[in-house]
Amino acid sequence: MRNAEKIRITHSPAARSAAAAGLALAVGLTASPALAATPSAAARTAATAKAGPQADGRLDRYYNQRLAWGSCMQAPDDTAGRDLDKAGVQCADVTVPLDYAAPRGRTITVAISRLKATDTRHRIGAILLNNGGPGGPAVDSPPTVRKAMKQVGARYDIVGFDPRFIGRSTPLDCDWPVSFTWFSAGAGRAGFDRQVALSKSLADKCRATNASVLPHVTTRNTARDMDVIRGALGERKISYLGYSYGTYLGTVYTQMFPGRYDRMVLDGGIDPRAYGPRLLKNTERENEQALSAWAAWAAGRHTTYGLGRTRTAVLATVDRVMARAARGPLTIGTAPDVFRLDDTQIPTFLFMGVADDTDPSRAFLAEQVSVLSKAAKGQQAIPSPEFAEMLRFATSGADSAFGSAQTAIICGDVPAPRNPELYWRDIERSRAAHPLFGPLTENIGPCAFWDSPRENPTRIRHDAPALIVAATGDPRTTYRGSVALHDQLPSSKLLTLKGANRHALYGEYGNACVDDKVNRYLATGKLPRKDEVCVK
């Protein structure tokens, strides 16, 4: 994750860039591309045959729909759409049922994009992209992925999509006063009680504004949408590249639609048994290791950031910031842009910042901590424009739609414990060993007050030959999660990058060994004979 990112399990460059600036994702826009030429009856028949038989005939109109490919620009100031157009990408909307159990009822749209194969003679098929989240869009991703795929990219139609209620798809917004829901409980019971009240109010507001929609905002329905996309594209099978949460989505797809996927790359694997509202639980050790490594990096640049000349000194600076924030909010910036951060918010910034061990990301975190340190000393603390935008996102409802959709997906997938005292006991138990990150990873959230999911969580019952990619020091979806996913999919192979505290690798981290091995699999469709290892 370049610079810092919103608290999400995601990786996309565009999403990370927006997060570093604290910018809202583009939601509430309805694509209306120019109508494509109507295909011939013979072409429609061939496409339908490719799509394969559907288990439910009531869904035929969705699987067999004709997509109206056209410009990705939705408005004159849509710079992202303009860039996609320049890259040769076309966009369309796919119509899907809100409720797959009632396919003749209300419909919604899922925005997709496509960068068509140029080596048509050796075309392999279509590859579908998901950047994680939940809540990460991918309509903007085909040009980036085409570059990462190098020569093999020309042999694929590269298809991005914004999952239901994300980005350019039909929107969801609960009109929250916050843009995400991942906060720390702080240093004591008072902070936790405020978090309980906030979480309940957020759940109540979402229920009041979107009660008819919330039961259908789930990963299983997104997987169903993926299969409709496959059918609408005329593909009998579809390949897939998913990062982070996208590995869970990809795994769910393999279980719901066995036989309809080709090559599967799962980067930053999640153990499906551990996925749910408390998905950050038990990640404290990896985040502390990443923070310690960052502190050593910052210590070597004391003359730039002034955080301390040793690892221990830098970590002591972080502790002083937290101790001061526990006594009262820190003031950052000057009028009209004044931000106040307390000990329930600062751990979130640290947590975001350690997910990437590249120099630019470490520098951005050091800049943030330097500003926080000045504020803790009562000095004037002026954030950079990038940090200011991030603060604006973190302290307001500027991106309520992002938080609303992300939370709805997680809460709609797996039920959360209801009793606040259970969370408090877990926080206190974790605090002794993990005083900084324990109160964050164990904290309560809106899912504790959400309505129960309508479907049971997906469990692995079918093997799936996938390539799982993971870094040993991943602070988000830990390496343990990738190993567990690999164990549950006996035909899969695990590609490990040793020595990196990094979340999301392929095409992002710049490790030639990882990129080459993934591209070899995408080119040949053959998994390596055994698990493989690369080094940082």
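Start with the largest cavity: helix α15 makes the biggest contribution to its lining, with 4 residues. Keep in mind that this is a predicted model. Besides that cavity, there's an open sheet of 9 strands to look at, and a stretch at residues 1-53 where the pLDDT is below 50.

**The largest cavity**
- The structure holds 7 cavities of 30 Å³ or more, and the largest has about 220 Å³ of space in it.
- It is lined by 20 residues, and W182, P277, N443, I444 and G445 are the ones closest to its centre.
- Two elements, α15 (400-413) and α17 (438-441), each give two or more residues to that lining.
- Sorted by class, the lining comes out as 13 nonpolar, 6 polar and 1 charged residues.

**The sheet**
- Reading across, the strands go β2-β3-β6-β4-β7-β8-β11-β12-β13, with mixed pairing.
- At the edges sit β2 (90-97) and β13 (532-535), each paired on one side only.
- From one strand to the next, the twist averages 20°.
- β4 (residues 125-130) and β6 (residues 156-162) run parallel and are joined by 5 bridges; here L128 stands opposite V159.

**Helices on the sheet**
- Helix α7 (residues 219-233) packs on the sheet and touches β2, β3, β4, β6 and β7, with its direction at about 125° to that of β2.
- Helix α18 (residues 479-488) lies across β8, β11 and β12, running at about 160° to β11.

**Confidence**
- The chain averages a pLDDT of 91, and 90% of the residues score at least 70.
- Residues 1-53 have pLDDT below 50, though the stretch has 148 contacts in the model beyond near neighbours in sequence.
- Where pLDDT is low, don't read the predicted coordinates in detail.

Note on methods. Residues are numbered from 1 along each chain as its sequence is written. This is a predicted model: local features need pLDDT of at least 70, side-chain atom pairs count only at pLDDT 80 or more; totals for chains, interfaces and linings use all residues. Side-chain values use heavy atoms; hydrogens and water are left out. Two strands pair if DSSP finds at least two bridges between them. Axes are lines fitted to C-alpha atoms, for helices over the stretch in contact, and angles run from 0 to 180 degrees between N-to-C directions. Contact means heavy atoms within 4.5 Å. pLDDT is the predictor's confidence in each residue, from 0 to 100. On a 1 Å grid over the protein atoms alone, a cavity is a set of points where a 1.4 Å probe fits but cannot get out, and a pocket is an open set with protein on both sides within 12 Å along at least five of seven lines; lining residues have an atom within 4 Å of a point. Grid points are joined across faces, edges and corners, and a volume is the space filled by probe spheres set on the points. Ala, Val, Leu, Ile, Met, Phe, Trp, Tyr, Cys and Pro count as nonpolar, Asp, Glu, Lys and Arg as charged, and the others, Gly among them, as polar.
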